[in-house]
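Please read this briefing with the sequence and the structure side by side, and look up each residue as it is named.

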Amino acid sequence: MLVLEFKVKGKPHQYAAIDEAIRTAQFVRNKALRYWIDNRGVNKYDLNKYCRVLAREYGFARELNSTARQASAERAWSAISRFFENCRKSVPGHKGYPKFKKNSRSVEYKTSGWKLLDPKHIVFTDKKNIGRLKLVGTWDLAFYSTEQIKRVRLVRRADGYYAQFCVSVEVRETLEPSGNTVGLDVGLKEFYTDSNGECEPNPRFYRNAEKKLKRAHRRVSKKQKGSANRKKAVNQLGRVHLKISRQREEHAKRLARCVIRSNDLVAYEDLRCDPAPSHGARERAPRERIKNLVRNHCLAKSIHDAGWYQFRKWLEYFGVKFGKITVAVNPAYTSQKCSNCGAIVQKSLSTRTHVCQCGCELDRDHNAARNILNAALSTVGHTGTSVRLRSPSAVEVNASGDLTATLAGANLSEQVESLREESPRRDSWGVSII
């Protein structure tokens, strides 16, 4: 799937109609969630059928396109299924019980309720009277057929309204192998340090914009609640936050693309996994998942500002796009373990240099990046079928049942005939046929 985003231009009454459609979609989603709470055993298809009941009961819900109502019910079911999945996986802490939406920002249409007039104009045909909107962007929708566009979403942001097109197309590019492998250790001092010792500086977008944020917050606090000036001040505050989020997203996307294109295998920390069991009585692993890391009130702002999860998300996306291998490694003890001899060298966060008795002296993050790469290579190095030898002089047989060596004093044809009589037949996939 490919998502193409355009900014939409319209008149004030069209923007008001989009807001009304968003509120209706939020209403349908909340009513579907309430229907699931009140009726035990309701499934996804029952919620879709309930949308028709809402359309008969409420006139404003009838004005919204039927597929848009179904998409809102699917949003409710998405939250419900995620809650059930967390319960089955025994996720510690809160399981994410579905909540009612208070401030939705988008409405989603499926294959009806809209029509693409040309690559730069779209019209919405339901009774919300959104009408014809102009699309502003650099993507060329004429390159894709209308049948490939599976969904259209209208999104409201602080700086205007946007239209997103979900296009069913495979995004694949073939690159020549570079022969390089790299391990990445993310941090706060540097955004990441790779296994070659090279560092990428941390841009700290939120820290640099804190003065603007404080000024915008003061403007909001000085305005009277409910006034038009307060709405304008809130919008200005939202624009500052929007710029920070876009800067962080583009930075992570640019770095991930460069790293993936330059290497055949990229290893990074799986900061969402649970740490490995500790060796001591009450010793804790040196790194935990991001959700636990931000519990440190001294580092929470810096961790959120770094955007490690966004970087990982784009690494995995570009890895699939360019056909490169991405490996998430358990981060436990990657900073404490010596990358040269494997010994555990305890150090606090303030100790930035790794010094081991074996003579290895590296930067702390460089040592961790090398450990991450070694761990990734050890996991992908043995992916074939394992072979158990019957005796030291036995002949190895690969996954297809073919011989890998010949016995001393015997030619290959004699050896093959003898082993065929002793071993079971195998099919083309290497599975024994009884």
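The points below go from the whole protein to its salt bridges, its surface charge and a few single residues.

This is a predicted model, and the protein in it holds twelve helices and 16 strands. Of its 434 residues, 38% are buried, and the area that the protein exposes comes to about 26,100 Å², with carbon and sulfur atoms supplying 50% of it. Among contacts between residues at least 6 apart in sequence, 64% join residues at least 24 apart.

**Salt bridges that link parts of the chain**

- The count of salt bridges in the protein comes to 23, and the bullets in this group take up three of these pairs one after another.
- Arg 153 and Glu 108 form a salt bridge in which the closest N and O atoms are 2.5 Å apart; the pair links distant parts of the chain, since Arg 153 belongs to strand E6 (residues 149-157) and Glu 108 to strand E2 (residues 106-109), 45 residues apart.
- The two partners differ in how they are covered: Arg 153 is partly exposed because its relative accessible area is 30%, whereas Glu 108 is buried because its relative accessible area is 8%.
- Arg 312 forms a salt bridge with Asp 270, and here the closest N and O atoms are 2.5 Å apart. Because Arg 312 lies in helix H10 (residues 308-322) and Asp 270 in the loop between strand E11 (265-269) and helix H8 (290-293), the pair ties together parts that are 42 residues apart in sequence.
- Arg 312 counts as buried because its relative accessibility is 12%, and Asp 270 counts as buried because its value is 16%, where buried means under 20%.
- The side chains of Asp 365 and Arg 352 meet in a salt bridge with an N to O distance of 3.2 Å. Asp 365 lies in helix H11 (residues 364-380) and Arg 352 in the loop between strand E12 (325-329) and strand E13 (353-355), so this pair ties together parts that are 13 residues apart in sequence.
- With a relative accessibility of 6%, Asp 365 counts as buried, while Arg 352, with a relative accessible area of 28%, is partly exposed.

**A network and a residue beside it**

- Which residues are linked with Glu 108 in a network of salt bridges? The network is made up of Glu 74, Glu 108, Lys 110, Arg 151 and Arg 153.
- Gln 70, which is found in helix H4 (residues 66-88), is 38 residues away from Glu 108 in sequence, yet the two are 9.2 Å apart in space, C-alpha to C-alpha.
- If residues up to four places away in sequence are not counted, Gln 70 touches Asn 48, Cys 51 and Lys 110, and Lys 110 is also one of the residues in the network of salt bridges.
- Gln 70 counts as partly exposed because its relative accessibility is 27%.

**Positive charge on the surface**

- A patch of positive charge on the surface gathers Lys 211, Lys 212, Lys 214, Arg 215, Arg 218, Arg 219, Lys 222 and Lys 243.
- Which helix gives the most to the positive patch? Helix H6 (residues 210-222) does, with seven residues.
- Arg 215 lies in helix H6, and Arg 215 counts as partly exposed because its relative accessibility is 38%.

**A buried arginine**

- Arg 248 lies in helix H7 (residues 228-262), and Arg 248 is buried because its relative accessible area is 15%.
- Leaving aside neighbours within four places in sequence, Arg 248 is in contact with Phe 205, Tyr 206, His 304, Asp 305, Ala 306, Gly 307 and Gln 310.

**Positive phi angles outside glycine**

- Asn 129 is not a glycine, although it has a positive phi of about 60°; its place is in the loop between strand E4 (121-124) and strand E5 (131-136).
- Is Asn 129 buried or exposed? Asn 129 is exposed, because its relative accessible area is 58%.
- Tyr 333 also has a positive phi, near 65°, in a residue other than glycine, and Tyr 333 has its place in the loop between E12 and E13.
- Tyr 333 is buried, because its relative accessible area is 9%.

Methods. Residues numbered from 1 in each chain as written. Predicted model: local features only at pLDDT ≥ 70, side-chain atom pairs only at ≥ 80, totals over all residues. Heavy atoms only, no water. Patch = residues over 30% accessible without salt bridge, like charges linked within 9 Å, V, L, I, M, F, W, Y side chains within 5 Å. Areas by Shrake-Rupley, 256 points an atom, 1.4 Å probe, with all protein chains shown as cover. Salt bridge = Lys/Arg side-chain N within 4 Å of Asp/Glu carboxyl O. Lys, Arg positive; Asp, Glu negative; His and termini not counted. Charge placed at Lys NZ, Arg CZ, Asp CG, Glu CD. Helix = DSSP H or I, 4+ residues; strand = E, 2+ residues; numbered from the N terminus. Buried < 20%, exposed > 50% of the residue type's maximum accessible area, 1.4 Å probe, protein only. Contact = heavy atoms within 4.5 Å.
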